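Please open the model in your viewer and keep the sequence panel beside it. The stops below go from one selection to the next.

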Amino acid sequence: MLDLKGRSAQEAAVPRWARIPARFGRRIAYLLAGGMTAGVYYAVLGLLLLVVDNSVPYLFLVVGSHFLTTSIVYPVYRSVVFKVSSERWLPGYLRFYAVGLSFLGASVIGLPVLVEFAGIPLMVAQALIILLSPPLSYVINRTWAFRDRVNF
């Protein structure tokens, strides 16, 4: 005898393992968007480093790259990852940027330590800092920056 326990017949016909990708879809989208964000950030930062050729301190370039990257990727997080449609753009962007500021702060503090004192190249040091941020960033964005979303 088949025990549906409140599930629809369609849900009962789909094996549990087959529903796993749908359940974790947003997290995968977030990881892909994070990879895209890191790529955009590295491209912008690398381009700025090439253009200014050490005439501007790298921390200014990090701040500028962060602002440009945040402005470029916000629509992807808003419409693809978190699927927010009812809230106005500016308040959501400001919250998204505020979350990003904490990670910018980690870069502004961590990069001089890694670059100046440990002698690690700038882009490698930035990669080390970025690797630590996605899990925390996901939780903050999910619960605060994009609070107008449906449950995960």
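Helices here are DSSP runs of H or I with at least four residues, while strands are runs of E with at least two, and both are numbered from the N terminus. This is a predicted model, in which local features need pLDDT of at least 70, side-chain atom pairs count only at pLDDT 80 or more, and totals for chains, interfaces and linings use all residues. Residues are numbered from 1 along each chain as its sequence is written, and side-chain values use heavy atoms, with hydrogens and water left out.

Begin by selecting His66, which is found in helix α4. His66 counts as buried because its relative accessibility is 11%, where buried means under 20% relative accessible area, exposed means over 50%, and partly exposed lies in between (1.4 Å probe, protein chains only). Now show the backbone of Gly100, since the side chain of His66 reaches the backbone oxygen of Gly100 at 3.1 Å. Leaving aside residues up to four places away in sequence, His66 touches Tyr41, Tyr97, Gly100, Leu101 and Leu104, a contact being heavy atoms within 4.5 Å.

Next, turn to the aromatic rings, of which the structure holds seven pairs. Rings of Phe, Tyr and Trp (its six-membered ring) pair if their centres lie within 6.5 Å, and planes under 30 degrees apart count as stacked, over 60 as edge-to-face and the rest as tilted. Select Tyr74 and Trp89, an edge-to-face pair at 5.3 Å centre to centre with 80° between the planes; this pair links distant parts of the chain, with Tyr74 in helix α4 (residues 58–81) and Trp89 in helix α5, 15 residues apart. Is each partner buried or exposed? Tyr74 is buried, with a relative accessible area of 2%, whereas Trp89, at 47%, counts as partly exposed.

Keep Tyr74 selected and add Phe96, which forms a tilted pair with Tyr74 at 5.4 Å centre to centre and 50° between the planes. This pair also joins helix α4 to helix α5, across 22 residues, and Phe96 is buried at 8% relative accessible area. To see the wider cluster linked by ring pairs, select Phe67, Tyr74, Tyr77, Trp89, Tyr93, Phe96 and Tyr97.

Finally, follow helix α5 (residues 89–117), whose end C-alpha atoms are 41 Å apart, in agreement with the 42 Å that its 29 residues should span at 1.5 Å a residue; the expected span is 1.5 Å times one less than the number of residues. Stop at Gly110, where a kink of about 30° lies shortly before the proline Pro112, the bend being the angle between axes fitted to the seven residues ending there and the seven starting there. Just after α5, Gly119 takes a positive phi of about 75°.

Terms used:
Polar contact = N/O pair within 3.5 Å; in protein donor to acceptor, adjacent residues only side chain to side chain.
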